[in-house]
Amino acid sequence: MSQYQIAVIVGSLRKDSFNRKLADAIVKLAPPEFTFKQVHIGDLPLYNQDDDENQAASVKRLKDDIKGAQGLLFVTPEYNHSIPGVLKNAIDHASQK
Ligand SMILES: Cc1cc2nc3c(=O)[nH]c(=O)nc-3n(C[C@H](O)[C@H](O)[C@H](O)COP(=O)(O)O)c2cc1C
């Protein structure tokens with residue numbers, strides 16, 4: 001049976017986040033061939049293209065977590081008809097080399 005690692009990114013930093021609870025429930029209910037890694041985005045610096053050549057340790061960790069996964073699961077609230085800024089910031093970091 002193949003194993004798949006899924007990186008889980010929650011778009012809310014709130015302590016009692018419903019989306020975090022939902023993500024935890026998905027992890028518990030998933031079939032055994034899936035393992036999950038929670039990706040932390042709360043300590044990422046604000047994305048600045050000037051820092052692309054000198055990335056913070058938290059940015060490198062984010063990219064390593066994603067590279068080590070076969071899939072990405074986003075669980076996020078809607079903020080002002082879009083995704084929260086913290087999630088967009090993480091995507092901007094992860095999308096750069
Ligand atoms: C800044 C902000 C903007 C929001 N914008 C929306 C929205 O556009 N649509 C919506 O349905 N809910 C909106 N909400 C409500 C959140 O989706 C709701 O509070 C959700 O439970 C937050 O997720 P969490 O419990 O994982 O922190 C907004 C909440 C905040 C704080």
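Q: Buried means under 20% relative accessible area, exposed means over 50%, and partly exposed is in between. In this predicted model, which of these classes does Arg61 belong to?
A: Arg61 has a relative accessible area of 27%. That is neither under 20% nor over 50%, so Arg61 counts as partly exposed.

Q: Which residue's side chain meets that of Arg61 in a salt bridge?
A: Arg61 sits in helix α2, and its partner is in the loop between β2 and α2, 18 residues away. The partner has a relative accessible area of 42%, so it's partly exposed. With an N to O distance of 2.8 Å, the residue that pairs with Arg61 is Asp43.

Q: How many salt bridges does a search of the whole structure find?
A: Side chains of opposite charge can pair when their charged atoms come close. Here the cut-off is 4 Å between a side-chain nitrogen of Lys or Arg and a carboxyl oxygen of Asp or Glu. Arg61 and Asp43 make one such pair, and the whole-structure count is 4.

Q: How far apart in sequence are the parts that Asp65 and Lys37 tie together?
A: The closest N and O atoms of Asp65 and Lys37 are 3.6 Å apart, which makes a salt bridge. Asp65 belongs to helix α2 and Lys37 to strand β2 (residues 34-39), so the pair ties together parts with a sequence separation of 28 residues.

Q: Is Asp65 buried or exposed?
A: Its partner Lys37 is partly exposed, at 34% relative accessibility. Asp65 has a relative accessible area of 10%. Since the limit is under 20%, Asp65 is buried.

Q: What is the distance between the closest N and O atoms in the salt bridge of Asp16 and Lys15?
A: Lys15 is exposed, with a relative accessible area of 76%, while Asp16 is partly exposed at 42%. The closest N and O atoms of the two are separated by 3.7 Å.

Q: At what angle do helix α2 and α3 pack?
A: α2 covers residues 57-67, and α3 covers 85-94. The contact is a joint effort by Val59, Leu62, Lys63 and Ile66 of α2 with Ala90, His93 and Ala94 of α3. The two helices are roughly perpendicular to each other. Their axes are 10 Å apart, and the packing angle is about 80°.

Q: How far apart in space are Ile41 and Val10, C-alpha to C-alpha?
A: Ile41 is in the loop between β2 and α2, and it's buried, with a relative accessible area of 5%. Not counting residues up to four places away in sequence, Ile41 touches a set that includes Ile9, Val10, Leu13 and Leu62. Ile41 and Val10 are separated by 31 residues in sequence, and their C-alpha distance is 8.2 Å.

Q: Leaving aside neighbours within four places in sequence, which residues is Ser17 in contact with?
A: Ser17 is in the loop between β1 (4-10) and α1 (18-29). It's buried, with just 1% relative accessible area. Once those sequence neighbours are set aside, the contacts of Ser17 are Val10 and Ser12.

Q: What is the phi of Asn80?
A: Most residues other than glycine have a negative phi. Asn80 is found in the loop between β3 and α3 and is exposed, with a relative accessible area of 75%. Asn80 isn't a glycine, yet its phi is positive, at about 50°.

Q: Which value is the phi of His81 near?
A: His81 is in the loop between β3 and α3. With a relative accessible area of 73%, it's exposed. His81 is a residue other than glycine with a positive phi, near 65°.

Q: Which residues make the nonpolar surface patch of about 310 Å²?
A: A patch residue needs over 30% relative accessible area and no salt bridge. Ile83, in the loop between β3 (71-75) and α3, is partly exposed at 32%. The patch members are Leu72, Phe74, Ile83 and Ile91.

Q: How far apart in space are Lys67 and Pro31, C-alpha to C-alpha?
A: Lys67 belongs to helix α2 and counts as exposed, at 68% relative accessibility. In sequence, Lys67 and Pro31 are 36 residues apart, and in space their C-alpha atoms are separated by 22 Å.

Conventions
Residues are numbered from 1 along each chain as its sequence is written. This is a predicted model: local features need pLDDT of at least 70, side-chain atom pairs count only at pLDDT 80 or more; totals for chains, interfaces and linings use all residues. Side-chain values use heavy atoms; hydrogens and water are left out. Patches are made of residues with over 30% relative accessible area and no salt bridge: like charges are joined within 9 Å, nonpolar side chains (Val, Leu, Ile, Met, Phe, Trp, Tyr) within 5 Å. Accessible areas come from the Shrake-Rupley method with a 1.4 Å probe; for residues, only the protein chains shown count as cover. Helices (H or I, at least four residues) and strands (E, at least two) are DSSP runs, numbered from the N terminus. Buried means under 20% relative accessible area, exposed over 50%, partly exposed in between (1.4 Å probe, protein chains only). Axes are lines fitted to C-alpha atoms, for helices over the stretch in contact, and angles run from 0 to 180 degrees between N-to-C directions. Angles under 35 degrees count as roughly parallel, over 145 as roughly antiparallel, 65 to 115 as roughly perpendicular and the rest as oblique. Contact means heavy atoms within 4.5 Å.
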